[in-house]
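Colleague: I should like a close look at one part of this model, followed by an account of its surroundings. Please set out the terms as you go.

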Amino acid sequence: MNEGHTPESIVHSEGAKLDFARDMSYGDYLHLDQVLTAQHPLSPDHNEMLFIVQHQTSELWMKLMLHELRGAIGCIARDQMAPAFKMLARVSKIMEQLVHAWDVLATMTPPEYSAIRPYLSNSSGFQSWQYRCIEFSLGNKNAAMLKPHAHRPELLAHVEAAYRAPSLYDESLRLLARRGLALPATYLERDWTQPYAASDEVEAAWLQVYRAPDKHWDLYQLGEELTDLEDAFRLWRFRHVTTVERIIGFKRGTGGTSGVGYLRKMLDVVLFPEIWRLRTDL
């Protein structure tokens, strides 16, 4: 290295700020003292840190996903499609991050997980209130899934709000109706807590969009954004079940479910059924 270009001289020549006694630093802005001290392994096993960090970072991504989903739903309800598309595209990219996160957890072997499993007690990702809000916002409503949060009224309020509100797909169908496409009135005003049921009439409306994309360009783009999102969500579910099977086989989950058996059933849940069905009928 040139004698006049040592690492220290380069930092000084750049004029980098080095004294943060009176100013906000990077760590201050991100509250890293709290974030990086929030990992508290209960077992003596080295691999528990991976398990904790994996799930904590996933919850942070889910926090951002909920932020974007709520924003997109609000924009669709206000006919603000450009920002809605931006938010939905971001949600799909976040889901891709969550898909790849399973690759890291999959480095945990069955003996390594067995060493920490007794310390988890009944805690499980099945109880994630943020994930439940995401599922409810995407239309997979299930009253039973309110119960794991009943002991935390402040969290239950968030989950109940998502449970009682129109989903992303519900608001998308209302948008189609505002644009003059024929949809059954029962799909525009209904009990939003009930799971969505596929409809031939709804598929017919989407088929009009897909058969004349130039005429309905933003609705056509909305359909493809929904397709991208569910595609990514299906990949996340698939990687979840394969990772669980790789690590624990067919043991019951810590949350009380059948584990892999339960997760495989979830693979069959379709969020936006007419968006997928219309491909056959085009």
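Colleague: Leaving aside its neighbours within four places in sequence, with which residues is tyrosine 169 in contact?

Modeller: This is a predicted model, in which local features need pLDDT of at least 70, side-chain atom pairs count only at pLDDT 80 or more, and totals for chains, interfaces and linings use all residues. Residues are numbered from 1 along each chain as its sequence is written, and side-chain values use heavy atoms, with hydrogens and water left out.

Beyond its neighbours within four places in sequence, tyrosine 169 is in contact with Tyr196, Val202, Trp206, Leu226, Leu271, Phe272, Pro273, Glu274 and Ile275. Contact here means heavy atoms within 4.5 Å.

Tyr169 also belongs to the largest nonpolar core, which has 70 residues; Leu138, Leu168, Tyr169, Trp206 and Leu222 are the members that touch the most others. The largest share of this core, 12 residues, is given by α5. A nonpolar core is a set of buried Ala, Val, Leu, Ile, Met, Phe, Trp, Tyr and Cys residues joined through side-chain atoms within 4.5 Å. Buried means under 20% relative accessible area, exposed means over 50%, and partly exposed lies in between, with a 1.4 Å probe and protein chains only. Helices are DSSP runs (H or I, at least four residues), numbered from the N terminus. In soluble globular proteins, nonpolar side chains tend to be buried together.

Tyr169 further helps to line the largest cavity, together with Gly139, Lys141, Ser167, Asp170, Arg190, Trp192, Gln194 and Tyr196. Its volume is about 30 Å³, and the structure holds 1 cavity of 30 Å³ or more. On a 1 Å grid over the protein atoms alone, a cavity is a set of points where a 1.4 Å probe fits but cannot get out, and lining residues have an atom within 4 Å of a point. Grid points are joined across faces, edges and corners, and a volume is the space filled by probe spheres set on the points. By class, the cavity lining has 3 nonpolar, 3 polar and 3 charged residues. The nonpolar class holds Ala, Val, Leu, Ile, Met, Phe, Trp, Tyr, Cys and Pro, the charged class Asp, Glu, Lys and Arg, and the polar class the others, Gly among them.

Charged pairs also join parts of the chain, and a search of the whole structure finds 17 salt bridges. A salt bridge is a side-chain nitrogen of Lys or Arg within 4 Å of a carboxyl oxygen of Asp or Glu. One of these pairs glutamate 135 with arginine 237, at 2.7 Å from N to O. Glutamate 135 lies in helix α7 and arginine 237 in helix α11, so the pair ties together parts that are 102 residues apart in sequence. Glutamate 135 is buried, with a relative accessible area of 3%, and arginine 237 is buried as well, at 6%.

Another salt bridge pairs arginine 179 with aspartate 218 (2.7 Å, N to O). Arginine 179 sits in the loop between α9 (168-178) and α10 (200-211), and aspartate 218 in helix α11, 39 residues apart. Arginine 179 is partly exposed at 33% relative accessible area, as is aspartate 218 at 22%. Asp79, Arg178, Arg179 and Asp218 are linked in a network of salt bridges.

Terms used: 1 Å grid on protein atoms, 1.4 Å probe; cavity = no way out; pocket = protein on both sides within 12 Å on 5 of 7 lines; lining within 4 Å. Helix = DSSP H or I, 4+ residues; strand = E, 2+ residues; numbered from the N terminus.
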